[in-house]
Amino acid sequence: MAQLSDDCFAFGGPLMSVEEAQALIEARIPPAEGAEQVALRQAVGRVLAEDLRAVTPLPPFFNSAVDGYAFRHADLVAGSETRLPIAARLQAGQEAHPIAPGTAIRIFTGAPMPDGADTVMMQEDAREEGGAVLLAAGLKRGANCRPAGEDVATGVVALPAGRRLGPAEIGLAAALGFRKLPVRPLVRVGVFSTGDELAEPGAPLGPAQTYDSNRFTLLALLAGLPVEAVDLGILPDEPAATAAALAQAAAGHDLLLTSGGVSTGEADHVKAAIGQGGRLVFWRLAIKPGRPAAMGVLPKAGGNFASGGVPVVGLPGNPVAAVVTFLHLARPLVLRLAGAAPDRLPRFSARADFAYRKKAGRREYVRVRLDFGPGLPVARKYAREGAGLLTSLTESDAFAELPEDVTAVAPGDELRILPFRAAF
Ligand code: AMP
Ligand code: MG
């Protein structure tokens with residue numbers, strides 16, 4: 001992993017927009033280095049480390065796009081039906097022989113075009129009669145066939161370095177004959193929860209305790225990213241223990257995520273712990289839910305930054321706020337560390353069926369359910385707004401993203417929708 005300086009997140013302003021935060025991540029986090037070769041099936045979700053150049057064309061040879069009859073366009077009689085004797089039959093996987101002038105070849109999808117043939121008529125448009133085929137007039141030269149390299153020409157970059165490898169990319173790499181792909185190393189991400197009130201799911205619940213959910217949500221969110229996510233347990237609300245745990249974890253991880261303990265309460269020790277061992281930058285994001293977020297850098301080893309720094313993101317404790325800030329801060333940071341090209345979360349438009357008021361100057365994420373019908377989808381607001389309501393996520397499909405300058409939503413307004421189910 002590349003070197004990180006200790007002031008990489010420095011920011012001067014009072015409230016930071018999501019764009020400013022993402023630009024800072026883009027500017028200050030050095031992109032990943034290194035590569036390992038992995039088999040195609042293991043490459044899903046990984047980040048391509050080098051440009052993938054085609055060493056063969058795709059398709060590899062000139063072939064028929066349909067089931068039909070191949071012939072030389074020059075043999076067609078202008079303006080009327082043409083009758084050509086059928087000289088051979090050619091299926092996908094069979095080697096072709098040159099076509100004799102004045103003949104047609106019965107051909108099937110994916111079979112190589114015989115040398116000399118340049119056009120295919122679909123079987124639906126032709127008629128066989130006594131060993132010959134009757135071809136309707138009006139077909140263009142080159143119809144219904146696929147030139148070699150029409151998809152990818154030899155030598156071009158089929159996939160750029162930094163591309164996250166999904167099903168389409170894996171399929172293309174396979175089609176180009178690659179059995180293994182060079183990918184960036186997985187980012188090792190350690191995840192802590194913080195809070196004296198938290199209990200491990202399954203353990204008996206004390207009178208003032210609640211089960212830790214954020215750690216499992218965050219580990220689940222990380223499961224969709226090119227990381228090796230490591231569960232580092234629950235930290236008590238205790239400054240020295242928090243500082244020691246973070247310092248120790250920094251040695252073995254590329255990124256640390258915590259949740260809780262980043263507001264300005266007396267029991268909010270994450271900021272102090274980051275500041276103690278490393279460099280803290282407290283970000284107040286101009287978003288709701290999710291305003292407080294601690295960003296920082298801890299030395300990788302030995303208490304100084306000589307061997308580089310490890311970024312730490314202190315996400316807010318309220319479960320919905322943790323998810324919103326994860327999507328806007330942790331996710332782009334992970335992708336940057338993983339060497340992935342930046343990707344914007346998907347957005348589309350929907351029509352509000354509700355009225356809502358908000359403060360200017362911050363972006364707000366309102367949980368909505370979407371109904372799809374004719375026209376724009378309809379966004380129905382989840383009845384309650386608390387940032388601690390986990391069911392507001394399980395019972396919703398998306399966030400309506402209300403921009404900074406908006407102060408009210410009225411029924412019928414067009415909304416920008418971030419479909420978090422797709423982002424998960
Ligand atoms: P904090 O930011 O630590 O003050 O936490 C804000 C709220 O989120 C409190 O109600 C916490 O109990 C709750 N909370 C913090 N961390 C978690 C967690 N890991 N799982 C579930 N709830 C949490
Ligand atoms: Mg707490």
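In this predicted model, Arg163 sits in the loop that connects β11 (157-159) to α2 (167-175). Its relative accessible area is 33%, so Arg163 is partly exposed, falling between the 20% limit for buried residues and the 50% limit for exposed ones. Once neighbours within four places in sequence are set aside, the contacts of Arg163 are with Arg46, Val47, Leu48 and Glu169. Gly68 offers a contrasting reference point: 95 residues separate Arg163 from Gly68 along the chain, and their C-alpha atoms are 39 Å apart.

Two of the residues touched by Arg163, Val47 and Leu48, turn up again in the surroundings of Pro182. This proline belongs to strand β12 (residues 180-183). With a relative accessibility of 7%, Pro182 is under the 20% cut-off and therefore counts as buried. Beyond residues up to four places away in sequence, Pro182 touches Glu36 and Gln37, together with Val47, Leu48, Ala49, Glu50 and Leu52. Asp51 can be placed relative to Pro182 as well: the two are 131 residues apart in sequence, while their C-alpha atoms are 9.2 Å apart in space.

Further along the chain, strand β20 (residues 292-301) is mostly covered, with eight of its ten residues buried. Strand β20 pairs with strand β21 (residues 304-315) in the antiparallel sense, and seven bridges join the two. Within this pairing, Val297 has Pro311 of β21 as its bridge partner. The strands form a hairpin with two residues between them, where Gly302 adopts a positive phi near 75 degrees.

A second hairpin is built from β24 and β25; here six residues lie between the strands, and Gly375 has a positive phi near 80 degrees. Strand β24 (residues 363-371) runs antiparallel to β25, and four bridges link them. One contact point in this ladder is Asp371, whose bridge partner in β25 is Val378. Strand β25 also pairs with β22 (residues 348-352), this time in the parallel sense and over two bridges. On that side, Ala352 has Ala379 of β25 as its bridge partner.

The two faces of β25 (residues 378-381) are distinct in their cover: Ala379 and Lys381 make up the covered face, whereas Val378 and Arg380 make up the uncovered one. Such a pattern is easy to follow, because side chains in a regular strand alternate between the two faces of the sheet.

Turning to the chain as a whole, eight helices and 28 strands are found. The radius of gyration is 30 Å, well over the 22 Å that the globule rule gives for 424 residues, so the chain is more spread out than a compact globule. The C-alpha trace spans about 95 × 55 × 45 Å along its principal axes. Of the 424 residues, 47% are buried. Among contacts with a separation of 6 or more, 70% involve residues 24 or more positions apart.

The chain exposes about 19,000 Å², of which carbon and sulfur atoms supply 53%. Its charged side chains comprise 42 positive and 45 negative ones, and the centres of these two sets lie 2 Å apart.

Definitions and conventions
Residues numbered from 1 in each chain as written. Chains lettered and ligands numbered in written order. Heavy atoms only, no water. Rg over C-alpha atoms; globule rule 2.2 N^0.38 Å. Buried < 20%, exposed > 50% of the residue type's maximum accessible area, 1.4 Å probe, protein only. Contact = heavy atoms within 4.5 Å. Areas by Shrake-Rupley, 256 points an atom, 1.4 Å probe, with all protein chains shown as cover. Lys, Arg positive; Asp, Glu negative; His and termini not counted. Charge placed at Lys NZ, Arg CZ, Asp CG, Glu CD. Pairing = 2+ DSSP bridges.
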